[in-house]
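Work through the exercises below with the sequence and the structure side by side. Try each task before reading its solution.

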Amino acid sequence: QVQLVESGGGSVQAGDSLRLSCAASGLTFRNYVMGWFRQGPGKDREFVGLISGWGPSTYFADSVAGRFTISRDDDKKTVYLQMNSLEPEDTAVYYCAAGPIQTTQAAQYHFWGQGTQVTVSS
């Protein structure tokens with residue numbers, strides 16, 4: 001049974017920072033690319049960033065590049081999304097996902113968490 005559980009969401013002011021966590025179980029964590037996606041109110045789900053199991057290497061959407069970072073702890077089977085300089089447009093439900101390749105396409109990720117809400121006020 002594969003489980004991905006996000007945590008760390010909350011309500012913050014513009015310019016603040018927040019760190020999200022995604023704890024995985026039931027899979028060989030080190031073999032998976034871990035991606036972060038988000039879905040704002042009335043919007044489609046969009047890619048945020050990813051981290052591979054090799055290197056590791058990271059890749060981010062232009063909208064968050066330079067503000068967000070991703071790290072992973074294979075011993076704890078946990079991936080982190082560090083969000084700095086948050087803006088109101090970052091308000092969304094954030095989802096963690098696991099998949100076999102580095103891709104920005106949500107459909108190519110195999111497993112998903114339940115999401116955690118991030119709200120940024122101006």
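**Exercise 1. Find the disulfide**

Task: How many disulfides does a search of the whole structure find, and which cysteines form a disulfide?

Solution. The model is predicted. Start with the count: the search of the whole structure gives 1 disulfide. Next, name the partners. They are Cys22 and Cys96, with sulfur atoms 2.1 Å apart. That distance meets the cut-off, since a disulfide needs sulfur atoms within 2.5 Å. Now place the two residues. Cys22 lies in strand E3 (residues 18–25) and Cys96 in strand E9 (residues 92–99). The pair is 74 residues apart and links distant parts of the chain.

Task: What is the handedness of the disulfide, and are its cysteines buried or exposed?

Solution. Take the torsion about the S-S bond of Cys22 and Cys96. It is about -80 degrees, so the disulfide is left-handed. Then check accessibility. Buried means under 20% relative accessible area. Cys22 has 0%, so Cys22 is buried. Cys96 also has 0%, so Cys96 is buried.

**Exercise 2. Order a sheet**

Task: In the open sheet of 4 strands, what is the strand order, and which strands stand at the edges?

Solution. Read across the sheet: E1-E3-E8-E7, with antiparallel pairing. Strand E1 (3–7) and strand E7 (68–73) each have a single partner strand, so one side of each is left without a neighbour in the sheet. These two are therefore the edges. From one strand to the next, the twist averages 15 degrees. Now look at one pair. E7 joins strand E8 (residues 78–83) over 6 bridges, in the antiparallel sense. Ser71 stands opposite Tyr80 in E8.

**Exercise 3. Map the core**

Task: How many residues has the largest nonpolar core, and which strand gives the most to it?

Solution. The core has 34 residues. Among those with the most contacts inside it are Met34, Trp36, Phe68 and Val79. Several strands supply at least two residues each, including E3, E7, E8 and E11. E9 gives the most, with 5 residues. Follow Val79 outwards, leaving aside neighbours within four places in sequence. Its contacts include both cysteines of the disulfide, Cys22 and Cys96. Met34 and Trp36 are also among them.

**Exercise 4. Place a threonine**

Task: Where is Thr119, and which residues does it touch?

Solution. Thr119 sits in strand E11 (residues 116–121). Its relative accessible area is 26%, so Thr119 is partly exposed. Beyond four places in sequence, Thr119 touches Gly10, Ser11, Val12 and Thr91.

Note on methods: Residues are numbered from 1 along each chain as its sequence is written. This is a predicted model: local features need pLDDT of at least 70, side-chain atom pairs count only at pLDDT 80 or more; totals for chains, interfaces and linings use all residues. Side-chain values use heavy atoms; hydrogens and water are left out. Two strands pair if DSSP finds at least two bridges between them. Axes are lines fitted to C-alpha atoms, for helices over the stretch in contact, and angles run from 0 to 180 degrees between N-to-C directions. Buried means under 20% relative accessible area, exposed over 50%, partly exposed in between (1.4 Å probe, protein chains only). Contact means heavy atoms within 4.5 Å. A nonpolar core is a set of buried Ala, Val, Leu, Ile, Met, Phe, Trp, Tyr and Cys residues joined through side-chain atoms within 4.5 Å.
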